[in-house]
Amino acid sequence: MRETMMVEAVHLEKRYKDFHLKDLSFSLPAGYIMGFIGANGAGKTTALRLLLHTLRADGGEAKIFGLHHIAEERRVKEDIAVVFDWICLVEEWTVRQAARGLAPFYRHWDPDLFAEYCRRFGLAPTKKVKELSRGTQVKLSLALALSHGARLLILDEPTSGVDPMARDEILEILQEYIAAGDRSVLFSTHITSDLEKIADYITFLHRGRLLYTGTKDGLTEGFFLVKGGEPSLTPALAEKLIGCRRYRGGFEGLIRSGDRPLFARGFLTEPPTIEEIMVYVGKGGGV
C-alpha cells in the first residue's frame, strides 16, 4: 500500500533575475518530521511559498494531501498550519483577542484545545502580544496553529532567537503532534541540533539546487569528517575532500563514506553532524 503523502514537490522551478530554484522534487509521508535545510539564499523560503501557492511556479507542481487544483485551495489550507520566524499578530492584541481574531477563519477551531495549550505554555489570556518574550510569542503562534485540527504544520525558522529550554519544549510538542501517525511537520531551520533530535527526513538545498532528500540517517551516514596532519594529505587524497579547513600543521574536511578506506591510516575519521555537513558542503561549493 502506498504511503499517504502530505507534501509532494515534483520538478519545481522558480526563476528570478539572480536566482534559480531548479528541479526541486521531494515528498513527506504522513507521521513524520522533515528538516528543510540550507544556507541563507539556498531557496528554502521560495520553496515553501511555492508549496503554499503564495508564489507561482515557473515549472513543475506542488501537491499537499495529493491536491493541487486552485478549486481545492480553501480545503487544503484549512488543514495546514504555518508558523514563521516573525509574529503575524497585532501587537496590541491580548492572547484571548488573538484567538478570537483567527477562530472565524477555521471551521474546526477548538477553543478548549487552545485553552489547554495556553495553560501548558503559561499564556495568560490578558497578556498582550507585545509583552511576550520571543519564546513565548512562538508558543502563542504554535498554540494558535495547533488549535484548528491541522494535518500539516509548516515551520519557517520559528526557534531562531528562542532560548534552549523553550526550544526543547517546542520540540516535544512537535513530536507529540505527529505521534498518531496522521500528521506531519515540515521544519525549515538553521538550528540543525534541533533536527538531530527530532527529524526523520532531511531535504538539503544549496544555491537553488537539491543536494539531498531522504532519511536523516541516510544523510549523516553518507559522509565522514576526516582530520589529520597536513604532510599526510597527498594531492590525490585532497581531491576527495568536500570542503577543507586548514590550520597549523593539519586539516579537517568532509569525505564520502565510500572514500573512508583511503583515509584508514594516519587520519582520524568520525561521523559528522548535520551542521558539519552543511558547512563543508558550502565550503566545497556543493557535492
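Start by selecting Arg151: its relative accessibility is 31%, so this residue counts as partly exposed. Keep in mind as you click around that this is a predicted model.

Now add Asp79 to your selection. The Arg151 and Asp79 side chains meet in a salt bridge, 3.8 Å from N to O. This pair ties together distant parts of the chain, 72 residues apart: Asp79 is in the loop between helix 2 (73-78) and strand 5 (80-83), and Arg151 is in the loop between helix 5 (134-145) and strand 6 (152-156). Asp79 has 16% relative accessibility, so it counts as buried. You'll have more pairs to find, since the structure holds 16 salt bridges.

Next, pick Lys197 and Asp168. Their side chains form a salt bridge too, at 3.9 Å from N to O. Here the link runs between helix 7 (residues 192-198), home of Lys197, and helix 6 (residues 164-177), home of Asp168, with 29 residues separating the pair. Asp168 is partly exposed, at a relative accessible area of 34%.

Time for a lysine without such a partner. Go to Lys216 in helix 8 (residues 216-220). Which side chain of opposite charge is nearest to Lys216? That's Asp217, 5.2 Å away; Lys216 is buried yet has no salt bridge. Show what surrounds Lys216: beyond its neighbours within four places in sequence, its contacts include Leu195, Glu196, Tyr201 and Ile274.

Now switch to cartoon view and look for a sheet. Four strands make up this open sheet, in the order 11-12-10-13, with antiparallel pairing. At the edges are strand 11 (242-247) and strand 13 (267-270), each pairing on one side only. On average, neighbouring strands here are turned by 20° against each other, direction ignored. Then colour helix 10 (residues 274-284), which packs on the sheet and touches strand 10, strand 11 and strand 12 (250-256). The direction of helix 10 makes about 95° with that of strand 11.

Zoom in on strand 10 (residues 223-229) and strand 13, which pair in the antiparallel sense over four bridges. Select Gly228 and you can find its bridge partner in strand 13, Phe267.

For the last stop, stay on these two strands and show side chains. Lys227 forms a salt bridge with Glu270, with the closest N and O atoms 3.5 Å apart. Lys227 sits in strand 10 and Glu270 in strand 13, 43 residues apart. Lys227 is partly exposed at a relative accessible area of 26%, and Glu270 also counts as partly exposed, at 27% relative accessibility. Finally, add Arg245 and Glu252: salt bridges that share partners join them with Lys227 and Glu270 into one network.

Notes. Residues numbered from 1 in each chain as written. Predicted model: local features only at pLDDT ≥ 70, side-chain atom pairs only at ≥ 80, totals over all residues. Heavy atoms only, no water. Pairing = 2+ DSSP bridges. Helix = DSSP H or I, 4+ residues; strand = E, 2+ residues; numbered from the N terminus. Axes fitted to C-alpha atoms, helices over the stretch in contact; angles between N-to-C directions. Contact = heavy atoms within 4.5 Å. Buried < 20%, exposed > 50% of the residue type's maximum accessible area, 1.4 Å probe, protein only. Lys, Arg positive; Asp, Glu negative; His and termini not counted. Salt bridge = Lys/Arg side-chain N within 4 Å of Asp/Glu carboxyl O.
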